[in-house]
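Colleague: Could you walk me through this model? I would like to go through it one question at a time.

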Amino acid sequence: MPDYIPTNAASSGVKLDKKTLKSIAARSDKPGLIYIAQWVAFLAATGALVWAALGTLWVWPAMLLHGIFLTVPAYSFSHETAHGTAFRSRWLNEAVLWVTSFLYMEEPLHRRYTHTNHHTHTWWVGKDSQMPFDTPMGFGGWLAEISGFALLRFHIQVFVYLAAGRYTDTMKMVTPEGGFAKMTRNARIMLMIYALIAAAPFFGIWWVVWFLVIPRILGAPVMLLFTLIQHVELQENSPSILESTRSFRSNRLAEFLYMKMNNHVEHHLYPQVPFHALPKLAEALQDQLPQPDPGFCKTNLEVMSVVLRRSLGRQTKAASIRQAPHMITGAARWNVSRSGQCELGRKIPIRSHSMSQWIDACATDDIDEEDLISWQHGGKSYAIYNTKKGFFASDLICTHEEQSLEDGLVIDCVIECPLHGGRFDICTGKALSAPVHKDLNTYPVRVEGGRVFVETG
Ligand code: FES
């Protein structure tokens, strides 16, 4: 049993009734496809500006604008597809993850696995593999971050290591079984494409420089200003997303570029909710959450002023800064006691063995179609599903980490874990996609007289 609690709604004391969550988290292809159409239209418009300005000094602001529309959505879309929430269709999700991770310049599975770890240990020093800088941050560190060069250097290192088949301790910590071969293959393919792009001007192909390479470099600082304020200068090593994560107000354009991730607290509480439904989620949770911070510009200005003042040895108070700057609490704070009662008061199921027997678990109409309920029996927790193929039962706890599947999404005959989006075949318990690789235990089910019986054991 792990000695930590994943950082999410449960660890933050936030609750949402299951029916509301299920309706908000419903998956569809349509919003993602509309987003692609709008993104391509914006890129065509800003690309036309670059075209019109070629040969003049106006080409630089045009490339900056084009770069913002290229780089920020590439980050946002690769993030959303790393979660697997952008589309209902899995293949569409994975195809867009590949393309947008290419633009973002990170191997797609490395992106997914480090992000999985980031959600488990949000803003825990030494545990969160996406905590990008030494903490607390100084002005030099801030400059290195927002210029984009620190991230670029890191991504190049990751590519080289993966392509060479050398795996760092962090990679070994976050990558599930069987992941390395695919990551190495992806890294080699991507490096070859980047090499072709780098060689293109030598063959007289300059459009890649004007429409891709320079805009990507110019757009990176804007992308990083968005991502920096997700957690920076908030509380580290806290189980509560409300303390470690920041939502901020946003106008329509920034919401589009960032795929509504300005609702970042809400996203970390319920990562299974797709981007387009985050405002709805924010509305449903408004009584339990603090007010969002001011907009993108004001919050970034406050962060910049705090890191500058820290470097000058001055006090670091500001409205959107809620952390005593040097406060780092002990990592053992949320250890689970031997009784299975964690310090947050959440009961973690303890498995026990009992004789196999058929138990009357619930009525058939207790479970909506394409849904599940949790059921406790003999000190053990089960998930009982109602699918198009009938009723099924499995363990309730995901095999990846100690996460209940109760708020997971049932799509056809697949259950998707609410924490990292790992998927299991409900009928067989088979682990279908990373980060899960260990199958779920399943239990025989029979239906009689409108009741669901589970054979426990
Ligand atoms: S806890 Fe990670 S996929 Fe379930």
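Colleague: Happy to start at a helix end. Which residue follows α4, and what is the value of its phi?

Modeller: Gladly, and please keep in mind that this is a predicted model. The residue after α4 has a positive phi. That residue is G84, and its phi is near 80°.

Colleague: Staying with α4, what span should its 25 residues have, and how far apart are its end C-alpha atoms?

Modeller: We can take 1.5 Å a residue for the 25 residues of α4, which should then span 36 Å. The distance between the end C-alpha atoms of α4 agrees with that, at 36 Å.

Colleague: How many of the 25 residues of α4 are buried?

Modeller: A residue is called buried here if 20 or more other C-beta atoms lie within 10 Å of its own. The helix α4 is largely enclosed by the rest of the structure, because the number of its 25 residues that are buried is 20.

Colleague: Which helix gives the largest share of the largest nonpolar core, and how many residues is that?

Modeller: This core has 81 residues, and V72, L372, A383, I384 and Y385 touch the most other members. The largest share comes from helix α4 (residues 59-83), with eight residues.

Colleague: Where does this core lie with respect to domain 1 and domain 2?

Modeller: The protein chain is divided into domain 1 (9-311) and domain 2 (357-456). Both domains give residues to the core, so the core lies between them.

Colleague: And how many residues of each domain are in contact with the other, and which helix supplies the largest share on the domain 1 side?

Modeller: The C-alpha centres of the two domains lie 32 Å apart. In the contact between them, 19 residues of domain 1 meet 13 residues of domain 2. On the domain 1 side, α2 (18-24) and α6 each supply at least two residues. The largest share there, four residues, comes from α6.

Colleague: Let's turn to the sheet. In what order do the four strands run, and which are the edge strands?

Modeller: The sheet is open and its pairing is antiparallel, with the order β2-β3-β4-β9. Two of these strands pair on one side only, which makes the edge strands β2 (371-377) and β9 (442-443).

Colleague: Which residues of β3 are the bridge partners of S374 and Q376?

Modeller: β2 and β3 (residues 380-387) are antiparallel and pair over seven bridges. Their hairpin has two residues between the strands, and G378 takes a positive phi near 55° there. Within this pairing, S374 has A383 as its partner, and the partner of Q376 is S381.

Colleague: Now α10. Why are its buried residues on the same side, and what arc do they cover?

Modeller: The buried residues of α10 are M183, N186, A187 and M190. They are on the same side of α10 because, around the axis, they cover an arc of only 105°.

Colleague: What do the buried residues of α10 pack against, and which exposed residues are on the face turned away from its buried side?

Modeller: The buried residues pack against α5 (90-104), α6 (108-120) and α8 (149-164). The face turned away from the buried side carries the exposed residues A181, M192, A195, L196 and A199.

Definitions and conventions. Residues numbered from 1 in each chain as written. Predicted model: local features only at pLDDT ≥ 70, side-chain atom pairs only at ≥ 80, totals over all residues. Pairing = 2+ DSSP bridges. Buried ≥ 20, exposed ≤ 12 C-beta atoms within 10 Å, placed from the backbone. Arc of directions from axis to C-beta. Contact = placed C-beta atoms within 7 Å. Core = buried A, V, L, I, M, F, W, Y, C linked by C-beta atoms within 7 Å. Domains from an automatic or database assignment. Expected span 1.5 Å × (residues − 1).
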